[in-house]
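Please read the following briefing alongside the sequence and the coordinates. It takes up strand pairing, then helix packing, then the nonpolar core.

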Amino acid sequence: MKPDVQQLLLKQPEHKLKRVLELRDCVMQTDAALTEGLSFGRITFFSGGKAIAFICSKTETDYTELGFFNGASLTDPEQVLQGKNGNSRRLRMYANEKLPVRQIRKWVKEAIK
């Protein structure tokens, strides 16, 4: 884990840190070639130098989001990805919700292509 990512994680409130780490691990374990860094104050995931996804966790909200830069083109039959801004779409997750690991990994693989 890069030092700048570690510094961002240290700033997370305890109640959100677990969810951020779960999302990060889920994405990073999907493909060994993925890298991470900070972009616009968010943990951002890269494939071949191209930003594909990000985690947005604001201290003033009770949810954490996993966003996809090309989310509008991802397969989302249940329409759980939110957003109308350009191509990006976000999955909003609350602490008590079960992480949809299988679906997230499908989206990450799709975003890499």
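Which residue stands opposite Phe68 in β4? Ala53 does, in a predicted model whose local features need pLDDT of at least 70 and whose side-chain atom pairs count only at pLDDT 80 or more, while totals for chains, interfaces and linings use all residues. Residues are numbered from 1 along each chain as its sequence is written, and side-chain values use heavy atoms, with hydrogens and water left out.

**Sheet**
- Five strands (DSSP runs of E, at least two residues, numbered from the N terminus) form an open, antiparallel sheet in the order β1-β2-β3-β4-β5, where pairing requires at least two DSSP bridges between two strands.
- Because β1 (35–39) and β5 are the edge strands with a single partner each, one side of each is left without a neighbour in the sheet.
- The antiparallel strands β3 and β4 are joined by four bridges.

**Helix packing**
- The helix α3 (helices being DSSP runs of H or I, at least four residues) packs on the sheet and touches β2, β3, β4 and β5, contact meaning heavy atoms within 4.5 Å.
- The direction of α3 makes about 30 degrees with that of β4, whereas α1 lies across β1 and β2 and runs at about 60 degrees to β1; axes are lines fitted to C-alpha atoms, for helices over the stretch in contact, with angles from 0 to 180 degrees between N-to-C directions.

**Nonpolar core**
- In the largest nonpolar core, which has 24 residues, Ile43, Phe68 and Ile104 touch the most other members; such a core is a set of buried (under 20% relative accessible area, 1.4 Å probe, protein chains only) Ala, Val, Leu, Ile, Met, Phe, Trp, Tyr and Cys residues joined through side-chain atoms within 4.5 Å.
- Leaving aside residues up to four places away in sequence, Phe68 touches residues including Ile52, Ala53, Leu81, Ile104 and Trp107.

Terms used:
Buried < 20%, exposed > 50% of the residue type's maximum accessible area, 1.4 Å probe, protein only.
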